[in-house]
Amino acid sequence: MATPGLSTIATDITRLDVDAIVNAANETLLGGGGVDGAIHRAAGPGLLAECRLLGGCPTGEARITRGYYLKARHVIHTVGPVWHGGSRGEDELLASCYRNSLALARQHALTSLAFPAISTGVYRFPLERAARIAVRTVAGSCSPDMSVIFACFGEEALAVYRRELAALS
Ligand code: AR6
């Protein structure tokens, strides 16, 4: 049985009606490709305008904005590590992305949250390793009243996340 509050689905994260979706951004917070591009396209120009006021975000940290035209009320922007083989603190930095995003959600009293597979696209973090860190970090640091969706882009990622969620119990 999966841990209460944690689930995974295959979906475009921009379609989710939750308190906040998490964006896999870069340190400029000024947009990019992948999920970042999709979120900015769906949210509209107000998101970029607010991001410009934030002055960037270091790797492993997180910042919050409104959701604009998204169904999600907020976007939590976090910056995952670029994969360099695993010896440059990538695991810990990735875990920090999840912990800091959850901490921001708590500070803003948000209880429903969706994460993409941070760093596993352009930043090349191996998917299985990233999914294990994601699921274990969220299971260890989310509040009992939070519901967290791991939004997978495709069936392959979904299978990986399902395995990791099943391994928790
Ligand atoms: N919904 C859910 N997941 C998605 C979506 C979507 N609409 N689109 C892509 N993914 P990536 P990163 C998945 O490359 O590796 C950007 O240019 C994708 O399949 O978006 O953290 C930023 O500006 C993959 O599993 O993010 C940064 O420069 C996951 O999202 C850089 O890319 C993350 O892939 C960040 O790279």
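In this predicted model, Thr120 reaches toward the ligand with a polar side-chain atom that sits 2.7 Å from one of the ligand's oxygen atoms. Asp36 also uses its side chain, with an N or O atom 2.7 Å from a ligand oxygen. Gly33 does the job from the backbone instead: one of its backbone N or O atoms lies 2.7 Å from an oxygen atom of the ligand. Not much of the ligand is left uncovered, since on its own it would expose 710 Å², and the protein buries 88% of that.

Around the ligand there are 21 residues, and the ones that come nearest are Asn26, Gly33, Val35, Asp36 and Thr120. Two elements give two or more residues to this shell, namely strand S2 (20-25) and helix H1 (34-43). H1 provides the largest share, with 4 residues. Sorted by class, the shell holds 10 nonpolar, 9 polar and 2 charged residues.

As for where the ligand sits, the space it takes is the largest pocket. That pocket has a volume of about 620 Å³. Its lining counts 25 residues, and Ala24, Gly34, Val35, Ala117 and Gly121 are the closest to the centre. At least two lining residues come from each of S2, H1 and strand S6 (147-152). Here, too, H1 turns up with the largest share, 4 residues. The lining breaks down into 15 nonpolar, 8 polar and 2 charged residues.

Notes: Residues numbered from 1 in each chain as written. Predicted model: local features only at pLDDT ≥ 70, side-chain atom pairs only at ≥ 80, totals over all residues. Heavy atoms only, no water. Near = heavy atom within 4 Å. Polar contact = N/O pair within 3.5 Å; in protein donor to acceptor, adjacent residues only side chain to side chain. Areas by Shrake-Rupley, 256 points an atom, 1.4 Å probe, with all protein chains shown as cover. 1 Å grid on protein atoms, 1.4 Å probe; cavity = no way out; pocket = protein on both sides within 12 Å on 5 of 7 lines; lining within 4 Å. Sits in = over half its atoms within 2 Å of the grid points. Nonpolar A, V, L, I, M, F, W, Y, C, P; charged D, E, K, R; others polar. Points joined across faces, edges and corners; volume = space filled by probe spheres on them.
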